[in-house]
Amino acid sequence: MFRIAILLSGAHGRGSTLINLADACQDGRIPDAGIAAVIGTVSSSPAIQRAAAYGLPVRVIPPKGDDYGVRLRDALVSAEPDLVCLAGYMRRTPQEVLDAFPSRIVNIHPALLPSFGGQGMYGEHVHKAVYEAGVKVTGCTVHFIDSGYDTGPILLQKTVEINDGDMPDAIAARVLVAEHAAYPEAVRLIAEGRVKLHGRRVAVLRG
Ligand code: GRF
């Protein structure tokens with residue numbers, strides 16, 4: 001089984017990304033895979049509650065103290081994941097975690113990076129910025145994680161057209177549909193060994 005660990009933070013997330021990945025393991029969109037751990041920072045988070053109700057193995061690691069990175073790394077290592085998927089993890093990934101899982105941590109961002117990314121650019125802030133910029137196309141990006149915000153090598157992107165009159169909420173809703181297709185697709189490519197990193201460029205071997 002290809003073991004996936006999911007990481008999220010705060011109490012703002014809905015948990016749709018993690019539930020979608022769990023569903024994808026169940027319904028065959030990601031074959032022979034399972035969720036080995038869901039790790040959050042706040043037990044009252046709706047996303048954590050949803051994960052627990054789904055029957056997923058949940059842990060909460062509060063991001064307090066200098067040893068947060070070590071505690072998070074140790075919790076992840078004990079889950080023995082093949083891949084770590086961020087699903088609403090709004091913090092910089094601790095260096096200890098990056099060192100323990102080189103090129104094995106991915107994230108999904110609700111815009112076409114490198115546009116509309118960086119610290120503070122999350123959730124509705126992204127879609128508002130996209131709306132205000134007047135761009136005609138947005139989308140989502142699955143990328144590997146490095147020590148920056150939204151700066152790691154890009155694995156997969158899906159585009160979403162913006163129609164005249166689309167307000168940020170409408171843009172967000174359509175991007176979320178694209179995200180829920182893109183993330184399982186990207187994880188499946190990794191699980192099948194079809195993703196090769198060459199510096200900042202990511203090659204996907206076609207099946
Ligand atoms: C998603 O939009 C994803 O792009 C971003 O965080 C959001 C999490 O949404 N990284 P949800 O809480 O999983 O519904």
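This section describes the nonpolar cores, the ligand surroundings, the salt bridges and the backbone geometry of a predicted model.

In soluble globular proteins, nonpolar side chains tend to be buried together. In the present model, the largest nonpolar core comprises 44 residues, and those with the most contacts inside it are Ile4, Ile6, Leu18 and Leu155. Helix 6, spanning residues 168-191, gives the most to this core, contributing 9 residues. A second core, separate from the largest one, holds 19 residues, among them Ala79, Tyr89, Leu98 and Ile145. When residues up to four places away in sequence are not counted, Leu18 touches Ile6, Leu8, Val38, Ala47, Ala51, Leu56 and Ala87.

His127 is placed in helix 5, which covers residues 124-133. This histidine counts as buried because its relative accessibility is 6%, under the 20% limit used for that class. With neighbours within four places in sequence left aside, His127 is in contact with Pro110, Pro168, Ile171, Ala172 and Val175. Of these contact partners, Pro110 also appears in the list of residues around the ligand.

The ligand is surrounded by Gly13, Arg14, Gly15, Ser16, Thr17, Gly88, Met90, Asn107, Ile108, Pro110 and Glu179. Oxygen atoms of the ligand take part in several polar pairs with this group: a polar backbone atom of Arg14 is found at 2.7 Å from a ligand oxygen, and a backbone N or O atom of Gly15 is found at 2.9 Å from one. For Thr17, by contrast, the atom concerned is an N or O atom of the side chain, again with a ligand oxygen, at 2.7 Å. Taken alone, the ligand exposes 360 Å², of which the protein buries 90%.

Side chains of opposite charge can pair when their charged atoms come close. A search of the whole structure finds 8 salt bridges, including one between Asp27 and Arg29, with an N to O distance of 3.1 Å. Both partners are partly exposed, Asp27 at 46% relative accessibility and Arg29 at 32%. Another salt bridge joins Lys128 to Glu132, whose closest N and O atoms are 3.3 Å apart; these two residues both lie in helix 5, 4 residues apart, or about one turn of the helix. Lys128 is partly exposed, with a relative accessible area of 46%, whereas Glu132 counts as exposed at 57%. The side chains of Glu192 and Arg194 also meet in a salt bridge, at 2.6 Å from N to O, and Glu192 is partly exposed at 34% relative accessibility. Together with Arg188, Glu192 and Arg194 are linked in a network of salt bridges.

Most residues other than glycine have a negative phi, and most peptide bonds are trans. The peptide bond from Leu113 to Pro114, however, is cis, with omega near 10°, and Pro114 lies in the loop between strand 5 (105-109) and helix 5. Glu80, which is not a glycine, has a positive phi of about 50°; this residue is located in the loop between helix 3 (68-79) and strand 4 (83-86). Asp150 likewise has a positive phi, near 65°, and is found in the loop between strand 6 (137-144) and strand 7 (154-161). The two residues fall into opposite accessibility classes, since Glu80 is exposed with a relative accessible area of 59%, while Asp150 counts as buried at 16% relative accessibility.

Notes: Residues numbered from 1 in each chain as written. Predicted model: local features only at pLDDT ≥ 70, side-chain atom pairs only at ≥ 80, totals over all residues. Heavy atoms only, no water. Buried < 20%, exposed > 50% of the residue type's maximum accessible area, 1.4 Å probe, protein only. Contact = heavy atoms within 4.5 Å. Core = buried A, V, L, I, M, F, W, Y, C linked by side-chain atoms within 4.5 Å. Near = heavy atom within 4 Å. Polar contact = N/O pair within 3.5 Å; in protein donor to acceptor, adjacent residues only side chain to side chain. Areas by Shrake-Rupley, 256 points an atom, 1.4 Å probe, with all protein chains shown as cover. Salt bridge = Lys/Arg side-chain N within 4 Å of Asp/Glu carboxyl O.
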